[in-house]
Amino acid sequence: MSSAAATAQSYDRNKSNRIPVIRHLIASLALLALAPAALAKDVAVTLGGDMIGPYRAMDGIDDPGFAEVVALFRASDTGFANQEGAIFDLADFAGFPAAETGGGYPLSPRATATGLRAMGITLVSKANNHATDWGVPGLLATRESLRAAGIVQAGTGDDPASACAAAASGPVALVSAATTFPPMSLPVAAVSRRGLTSRPGPGICALHVRPVRLVTEGELRTLRGIAGPLAMAGGPDGQDVRIADQHFRAAPAPGLDWDMKDGDVATIMTAIGAAKPKAGLTLFAVHAHETAGTADDMPAADFEPLILHRANEAPAADDPVPAAYVPTLLRQAVDAGADMVVRTGPHVLNGIELYRGKPIFYGLGSLFFDFGGRRSYTAPGGQTITLPPLWYETVIPVVTFRDGKLNEVRLHPATIDPDAGPSVGLPRRAHGEAARRILTRLVDLSRPYGTVIRIEGDTGIIRPVKGAPR
């Protein structure tokens with residue numbers, strides 16, 4: 001018998017003590033309402049990177065390595081990944097492909113969503129550069145496919161107010177945002193005309209960021225003179241020089257800095273703070289391609305808008321050092337209440353940090369990476385790039401919490417099948433030499449953050465340092 005039921009029986013038998021019993025009844029009901037968050041002792045969360053594909057149903061796949069990956073997700077209380085692309089059946093779709101995309105039109109059938117849920121993925125981030133490749137109708141159709149399969153999404157909403165709101169699956173509430181996106185992905189408030197009001201426009205939770213080139217005062221004056229009417233005032237004090245999407249700022253030494261839009265940051269941090277009542281743990285995921293590198297391996301095609309080009313691939317996409325704003329943002333998320341943070345977007349592994357005892361994953365690469373056996377990719381602008389081997393290696397963390405505190409992170413290395421065949425694009429648990437190679441690289445990438453990863457067999461282990469600030 002539940003505590004609430006027993007209290008109700010006591011209330012009937014002893015009416016002289018109604019007030020204290022009523023108080024106890026209210027407390028018991030409140031406790032039951034919070035049970036998923038407050039009463040859970042041990043919680044396991046399995047995290048995946050980008051899901052680029054799969055582009056088919058996953059029934060009947062006979063691959064032992066993939067089965068090991070599936071087991072990791074099924075054994076957890078919540079399985080998370082970033083769902084790129086659209087999921088719907090094209091034969092039933094009444095919409096159109098969009099002119100502005102995140103670099104193509106990835107599309108999976110509705111059966112894919114059912115397969116993802118069957119493998120234990122219950123929570124996905126949808127704020128990314130591919131959310132509106134098929135326009136707003138494609139986004140809505142994708143959300144419906146996920147909902148019908150029993151997968152919870154966060155990062156999109158029917159209006160600006162709801163786009164950044166947290167959504168919960170089991171013991172985890174997710175807030176999802178993107179810094180890499182085409183302009184059309186933004187949600188739009190309702191518009192009134194001649195006494196009538198439209199519906200608002202759905203879109204993603206967006207965080208506007210911009211690179212700022214630091215130059216000397218003299219260089220800035222020269223630049224302003226050369227640009228002439230193309231130079232516009234920019235920056236918080238109007239002293240920057242803006243030329244199209246490029247910003248230049250005077251500084252004592254040359255370099256590269258980044259700005260984040262304050263209002264967007266405030267909206268996201270408020271959403272993180274409000275997520276806690278929805279579940280016992282809060283996860284923040286941001287889709288951010290931007291790195292510290294500046295070399296563009298795939299320059300924009302002639303007449304290709306630079307902002308759309310960068311919504312596909314940022315310069316130096318494989319640089320494992322994130323853009324300067326990224327650590328600032330992710331640590332702010334922890335300060336706002338996030339228990340774990342995942343950056344998606346980069347196709348290669350990045351390091352891991354324990355900040356205030358909370359894990360920050362600066363890049364997990366891909367969970368699925370399905371290019372049909374091809375080793376190259378042609379962007380919408382016509383540029384062709386070769387897909388490097390490191391894009392087919394990843395790590396799948398299983399993060400465990402005890403009484404709401406981080407207990408352990410177990411890192412399971414995996415490789416992704418690049419070849420055409422029944423397992424193309426699927427992750428497989430790595431063992432032996434491959435596992436050690438991936439884990440050793442992750443150890444090196446995490447060392448600058450002061451993170452110690454112990455390798456035991458084919459698994460990496462991170463445990464919080466005793467006495468670390470909470």
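In this predicted model, the side chains of glutamine 83 and lysine 126 are joined by a polar contact of 2.9 Å. Glutamine 83 sits in strand E2, which covers residues 78-83. Is glutamine 83 buried or exposed? With a relative accessible area of 3%, glutamine 83 falls under the 20% cut-off, so it counts as buried. Who else does it touch? If you skip its neighbours within four places in sequence, glutamine 83 is in contact with Met51, Val124, Ser125, Lys126, Asn128, Thr142 and Leu146.

**Empty space inside**

Glutamine 83 turns up again when you look for gaps. Rolling a probe the size of a water molecule over the atoms shows where empty space is left. How many cavities of 30 Å³ or more does a search of the whole structure find? It finds 1. The largest cavity holds about 50 Å³ of space. It is lined by 14 residues, and the closest to its centre are Met51, Gly53, Gln83, Glu84 and Ser108. Strand E3 (86-87), strand E4 (107-108) and helix H5 (110-118) each give at least two residues to that lining.

Then there is the largest pocket, with about 1,000 Å³ of space. Its lining is made up of 34 residues, and Val209, Arg210, Pro211, Asp245 and Trp258 lie nearest its centre. The elements that supply two or more lining residues here are E13, E16, E17 and helix H10 (306-312).

**The sheet with E13 and its helix**

Three of those pocket elements, E13, E16 and E17, also belong to an open sheet of 5 strands. In what order do the strands of this sheet run? The order is E14-E15-E16-E13-E17, and the pairing is mixed. At the edges you find strand E14 (231-234) and strand E17 (255-260), each pairing on one side only. On average, neighbouring strands are turned by 35° against each other, ignoring direction.

Zoom in on one pair: strand E13 (residues 209-215) and strand E16 (residues 246-250) run parallel and are joined by 4 bridges. Valine 215 stands opposite alanine 250 in E16. Helix H8 (residues 217-227) packs on this sheet and touches E13, E14, strand E15 (240-243) and E16. The direction of H8 makes about 35° with that of E15.

**The sheet with E9**

There's another open sheet to explore, made of 6 strands in the order E8-E9-E18-E19-E21-E20, again with mixed pairing. E8 and strand E20 (352-355) are its edge strands, so to speak the outer rails, with pairing on one side only. From one strand to the next, the twist averages 20°.

Why is strand E9 (residues 172-178) described as largely enclosed by the rest of the structure? Because 7 of its 7 residues are buried. Val172, Leu174, Ser176 and Ala178 point one way from E9, while Ala173, Val175 and Ala177 point the other way, and all of them are buried.

E9 has a partner on each flank. Strand E8 (residues 167-169) runs antiparallel to E9, with 3 bridges between them, and serine 169 stands opposite valine 172. E8 and E9 make a hairpin with 2 residues between them, and glycine 170 in the turn has a positive phi of about 60°. Strand E18 (residues 281-287) runs parallel to E9 and is joined to it by 7 bridges. In E18, valine 175 has phenylalanine 284 as its bridge partner, and alanine 177 has valine 286. Helix H9 (residues 262-275) lies across E9 and E18, running at about 170° to E9.

**Some unusual backbone angles**

Most residues other than glycine have a negative phi, and most peptide bonds are trans. Here are some spots that go the other way.

| Spot | Angle | Place |
|---|---|---|
| Gly53 to Pro54, cis peptide bond | omega about -5° | Pro54: loop between E1 (42-52) and H4 (64-74) |
| Arg194 | phi near 50° | loop between E10 (192-193) and E11 (196-197) |
| Phe303 | phi near 70° | loop between E18 and H10 |

Are arginine 194 and phenylalanine 303 buried or exposed? Arginine 194 has 82% relative accessibility and so counts as exposed. Phenylalanine 303 is exposed too, with a relative accessible area of 81%.

Notes
Residues numbered from 1 in each chain as written. Predicted model: local features only at pLDDT ≥ 70, side-chain atom pairs only at ≥ 80, totals over all residues. Heavy atoms only, no water. Axes fitted to C-alpha atoms, helices over the stretch in contact; angles between N-to-C directions. Contact = heavy atoms within 4.5 Å. Buried < 20%, exposed > 50% of the residue type's maximum accessible area, 1.4 Å probe, protein only. Polar contact = N/O pair within 3.5 Å; in protein donor to acceptor, adjacent residues only side chain to side chain. 1 Å grid on protein atoms, 1.4 Å probe; cavity = no way out; pocket = protein on both sides within 12 Å on 5 of 7 lines; lining within 4 Å. Points joined across faces, edges and corners; volume = space filled by probe spheres on them.
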